[in-house]
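Subject: The structure I promised you

Hi there,

Here is the structure we talked about, with its sequence alongside. Please open it in your viewer and keep it on screen while you read my notes below.

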Amino acid sequence: MQVGSLIAAGYDCEIFDAGPGRVVRRSRDGRSLEREAAVMRHARRHGFPAPEVYDADGGDILMEHVAGPSLLEETARDPGRAAEHGALLAGLLRQLSAVRAPGWLRAASGRPGNRLLHLDLHPGNVLVTADGPRVVDWANAARGAPGVDAACTWLILATAPVATPELAGARAGLLAAFLDGVDPDAARPHLGSEAARRLAERDLPAGEQDAIARFLADAGAP
């Protein structure tokens, strides 16, 4: 696909301008993104606010250019809205839990269920637009029990390093409001396996690894 200038770069993908209202999401290592594109199409068909996908070819997805700050940026800008933002995250997961996963989607290991899971739904992956939130980065999507998604978000909110004092101060309110909007008892049994997956898939700094170990002990996670 023809691309223009680099707009953003993430953990494993880069985003390029592709003309008015469009971008290309390109994998850094050339892996195919066609499954990810199909997941976004499925989520959107079922009313979930995923970006619109126009085409997919190997390592490229041609998709809607979602214009707006991330929920993480909005929380840093206005920490007083942390509880509102935590409730928004919980609402998005409740909405997603109503979407049945397509049969071809891989199952989350050892966590049976038939719901569509994002498995990386955190404030950095929610973009705030004039038309409401959009959830991006579906690389980890799988099918399984909704409690798995809640556990993943809970773990990230509680342990991911923050870049500013404003975000550090907002963490408690964000997390409390999130937990008020989900079922912590359904999520807790999955915290240990989600922590293991996160540690295996990412080269986390020692400080975050220590934070995860402390969190699991405090949460009484299996």
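Let's begin with Glu74 and what surrounds it: apart from residues within four places in sequence, Glu74 is in contact with Pro69, Arg81, His85 and Val128. This is a predicted model, so please read everything here as computed from that prediction. Glu74 belongs to helix α2. Is Glu74 buried or exposed? Glu74 counts as buried because its relative accessible area is 14%, and the cut-off for buried is under 20%.

A second acidic residue to look up is Asp60, which sits in strand β5. Asp60 is also buried, because its relative accessibility is 8%. Leaving out residues up to four places away in sequence, Asp60 touches Met1, Val24, Arg25, Arg26 and Asp55. If you would like to try the distance tool, pick the C-alpha atoms of Asp60 and His42: these residues are 18 apart in sequence and 18 Å apart in space.

Strand β5 leads us to the sheet. In which order do the five strands of the open sheet come? The order is β1-β2-β3-β5-β4, with antiparallel pairing. The edges are β1 and β4 (residues 53–57), each of which pairs on one side only. From one strand to the next, the twist averages 20°. For a close look at one pair, try β4 and β5: these antiparallel strands are joined by four bridges. Within this pair, Ala56 has Ile61 in β5 as its bridge partner. It may help to remember that side chains in a regular strand alternate between the two faces of the sheet. Helix α1 (residues 34–45) lies across β3, β4 and β5, and runs at about 160° to β4.

There is another strand pair to find further along. Strands β7 (residues 126–129) and β8 (residues 132–135) run antiparallel and are joined by four bridges. How many residues does the hairpin use to join β7 to β8? The hairpin connects them through two residues. Leu127 stands opposite Arg134 in β8.

Now for the loops on either side of that hairpin. Most residues other than glycine have a negative phi. Leu119 is not a glycine, yet it has a positive phi of about 65°. You will find Leu119 in the loop between β6 (residues 115–117) and β7, and Leu119 is buried because its relative accessibility is 2%. Asp137, also not a glycine, has a positive phi of about 60°; Asp137 lies in the loop between β8 and β9 (residues 142–144).

Leu119 turns up again in the lining of the largest cavity, together with Asp120, Asn140, Cys152, Arg197, Arg198, Glu201 and Arg202. This cavity has a volume of about 50 Å³. Sorted by class, its lining has two nonpolar, one polar and five charged residues. Which helix gives the largest share of this lining? That is α7 (residues 191–201), with three residues. Several residues of α7 are buried, including Leu191, Gly192, Glu194, Ala195, Arg197 and Arg198. Among the elements that cover the buried residues of α7 are α4, α6 (residues 184–187) and α8 (residues 206–219).

Finally, have a look at the largest pocket, whose volume is about 1,200 Å³. How many residues line the largest pocket? There are 42, and Ser70, His122, Pro123, Gly124 and Asn125 lie nearest the centre. The elements that give two or more residues to this lining are β1 (6–9), β2 (13–17), β3 (22–27), β5 (60–64), α2 (71–77), α4 (146–159) and α5 (165–181). Of these, α5 gives the most, with four residues. The lining residues of the pocket divide into 24 nonpolar, eight polar and 10 charged.

If you are choosing where to start, I would colour the strands β1-β2-β3-β5-β4 of the open sheet, and then find Glu74 in α2. Send me your questions whenever you like.

Best wishes,
A colleague

Methods. Residues numbered from 1 in each chain as written. Predicted model: local features only at pLDDT ≥ 70, side-chain atom pairs only at ≥ 80, totals over all residues. Heavy atoms only, no water. 1 Å grid on protein atoms, 1.4 Å probe; cavity = no way out; pocket = protein on both sides within 12 Å on 5 of 7 lines; lining within 4 Å. Points joined across faces, edges and corners; volume = space filled by probe spheres on them. Nonpolar A, V, L, I, M, F, W, Y, C, P; charged D, E, K, R; others polar. Pairing = 2+ DSSP bridges. Buried < 20%, exposed > 50% of the residue type's maximum accessible area, 1.4 Å probe, protein only. Contact = heavy atoms within 4.5 Å. Axes fitted to C-alpha atoms, helices over the stretch in contact; angles between N-to-C directions.
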